[in-house]
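Q: I have just opened this one and would like a guided look around. Could you take me through it slowly?

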Amino acid sequence: MKFMVRKQLGHLLVILVVLIVMLWMHRTVKEAAIQAVVKTLRNERENKEATLREKMEEEKVTAVQKATTGCPLKVPEWARDTNSDSLAKDFINGSGGLTDKSTSHRYQIMYHRYLSPIMIRFSQPKFRMLEIGLGCGPTGGMGTNTKPGGSTLAWKHIFSFSTIELDLHVLEYDAECASKWEKENPGIATKIHSGDASSTEDLERVYRDSGGLPFDMIIDDASHLNEHQIFTFLHMIQYVSKGGFYVIEDIHSSCASWLANTGSKPTGKIVQGTKGCMETATGNPTIFSKLIEWQKPLLIKKSPFPDVTSIEISLEAAVITKQY
Ligand SMILES: C[S@@+](CC[C@H](N)C(=O)[O-])C[C@H]1O[C@@H](n2cnc3c(N)ncnc32)[C@H](O)[C@@H]1O
């Protein structure tokens, strides 16, 4: 009797072991299959992006050739000026006084320096731009203004004097405000995307929905929370084209604190800058401390991020440039 029980137990054990091995093999095979599918999809995406980039480069050359043989190029007055006064006026006039870029800030100086050569050289027929922050919400960096869309209107106006076509994308957290503004202002931006600049998924969606091609200029004029400024830059710098640049506005968020603008539903979060500018009120790194950290490799001829060759601290802003 005892022998029979032991024998059956032995059989059961063998079956159990076989089952475990089969389960393990099934899982391994399944995982390998998933990995293979992911790899194929990634390769497909990379190939598609490479083809699109090549096509864009070819189009660039053809359009430049076309534009430079025959028809005269339109170079805006603000780009021909030796100083940035006209550009400052165009920010105000173009936005109907809605953006504070050349009023409480003096960003016209920085934008004049980086955008004028592009206008004068006409090295590209199209300029792909992404600005994060439409200007929704009652307070937070826009003075007494309560209307959104100031800088979007201003960019359209500023580029309207040029031969270069502006492909303007905006990312805004306040979805209701974004879709209302887009409906009321057709033809200004290529697309107003709604989403959160501190979310990888949303940033990836914006990149995909805007054509899956790098931007010539990305501007972060969103919450100004130090953690967001750092996060958004670290994710989006890969999507800046060669010869392009990434602008972070309001980096005095490292040295002062104010209520973050998060659209019409304020979260009550403050930007948390402190007197020393290196640590936030909760002991985390500020955007300024990160910019200094990223500048260090440049001192020894190394790029902190692929193709990045300069990090400039300007008036209340930073510009990170990629080599051509
Ligand atoms: C200072 S305003 C932008 C002003 C506008 N660029 C101008 O100059 O006219 C900041 C905007 O960023 C948006 N914002 C805040 N946090 C955001 C986030 N995490 N993602 C996307 N947009 C955000 C706010 O809702 C607000 O509309």
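A: Here is a walk through the core, a helix pair, the ligand shell and a few loop residues. Please keep in mind that this is a predicted model.

Q: Okay, core first: which residues have the most contacts inside the largest nonpolar core?
A: Those are Ile-218 and Tyr-246, and the core that they belong to has 57 residues.

Q: And what is Ile-218 in contact with, leaving aside its neighbours in sequence?
A: Once the residues within four places in sequence are set aside, Ile-218 is in contact with Leu-130, Met-236, Val-240 and Tyr-246, and Tyr-246 is the other residue named for having the most contacts inside that core.

Q: Switching to helices, how do H3 and H5 pack?
A: In general, a pair of packed helices is described by the angle between the two axes and by the distance between them. For helix H3, residues 85–95, and helix H5, residues 150–159, the angle is about 115° and the axes are 7 Å apart. The crossing in which H3 passes H5 is right-handed.

Q: Which residues meet there?
A: From H3 there are Asp-90, Phe-91, Asn-93, Gly-94 and Ser-95, and these meet Gly-150, Ser-151, Leu-153, Ala-154, Lys-156, His-157 and Ile-158 of H5. Sorted by class, this contact has four nonpolar, six polar and two charged residues.

Q: Is H5 mostly covered or mostly open?
A: H5 is mostly covered, with eight of its ten residues buried. The buried ones are Gly-150, Ser-151, Thr-152, Leu-153, Ala-154, Trp-155, Ile-158 and Phe-159.

Q: What covers them?
A: The cover over the buried residues of H5 includes helix H2 (77–80) and H3, together with the strands S1 and S2.

Q: Now the ligand: which residues come nearest?
A: There are 29 residues around the ligand, and of these Gly-133, Gly-150, Ser-151, Tyr-173 and Gly-263 come nearest. Gly-150 and Ser-151 are also among the H5 residues that meet H3, and both are listed as buried.

Q: Which elements supply at least two residues of that shell?
A: Strand S1 (126–132), H5 and strand S2 (165–172) each supply at least two. As for the classes of residue in the shell, nine are nonpolar, 14 are polar and six are charged.

Q: Different topic: where is Ala-197, and is it buried or exposed?
A: Ala-197 is placed in the loop between strand S3 (191–194) and helix H7 (200–209). Ala-197 counts as buried because 23 other C-beta atoms lie within 10 Å, where the cut-off for a buried residue is 20 or more.

Q: What is Ala-197 in contact with?
A: Not counting neighbours within four places in sequence, the contacts of Ala-197 are Ile-132, Leu-171, Leu-203, Ala-222, His-228 and Thr-232. Ala-197 also lies 9.5 Å from His-235, C-alpha to C-alpha, although the two are 38 residues apart in sequence.

Q: Which sign does phi have at Lys-301?
A: The phi of Lys-301 is positive, at about 60°, even though this residue is not a glycine. As a general point, most residues other than glycine have a negative phi. Lys-301 is in the loop between helix H9 (287–299) and strand S6 (308–314), and it counts as exposed because it has 7 C-beta neighbours inside 10 Å.

Q: And what about Glu-316, what is its phi?
A: Glu-316, which is likewise a residue other than glycine, has a positive phi near 60°. Its place is in the loop between S6 and strand S7 (317–322), and with 17 C-beta neighbours inside 10 Å it counts as partly exposed.

Q: Last one: which residues does His-252 contact?
A: With neighbours up to four places away in sequence left aside, His-252 is in contact with Gly-273 and Glu-316, the latter being the residue with the positive phi. His-252 is in the loop between S5 and H9, and it is partly exposed, with 19 other C-beta atoms within 10 Å. The C-alpha atoms of His-252 and Ala-317 are separated by 7.7 Å, while the two residues are 65 apart along the chain.

Notes
Residues are numbered from 1 along each chain as its sequence is written. This is a predicted model: local features need pLDDT of at least 70, side-chain atom pairs count only at pLDDT 80 or more; totals for chains, interfaces and linings use all residues. A nonpolar core is a set of buried Ala, Val, Leu, Ile, Met, Phe, Trp, Tyr and Cys residues joined through C-beta atoms within 7 Å. A residue is buried if 20 or more other C-beta atoms lie within 10 Å of its own, exposed if 12 or fewer, and partly exposed in between; C-beta atoms are placed from the backbone. Two residues are in contact if their C-beta atoms, placed from the backbone, lie within 7 Å. Axes are lines fitted to C-alpha atoms, for helices over the stretch in contact, and angles run from 0 to 180 degrees between N-to-C directions. Helices (H or I, at least four residues) and strands (E, at least two) are DSSP runs, numbered from the N terminus. A crossing is left-handed if the near helix is turned anticlockwise from the far one by less than a right angle, and right-handed if clockwise. Ala, Val, Leu, Ile, Met, Phe, Trp, Tyr, Cys and Pro count as nonpolar, Asp, Glu, Lys and Arg as charged, and the others, Gly among them, as polar. A residue is near a molecule or strand if its C-beta atom, placed from the backbone, lies within 6 Å of it.
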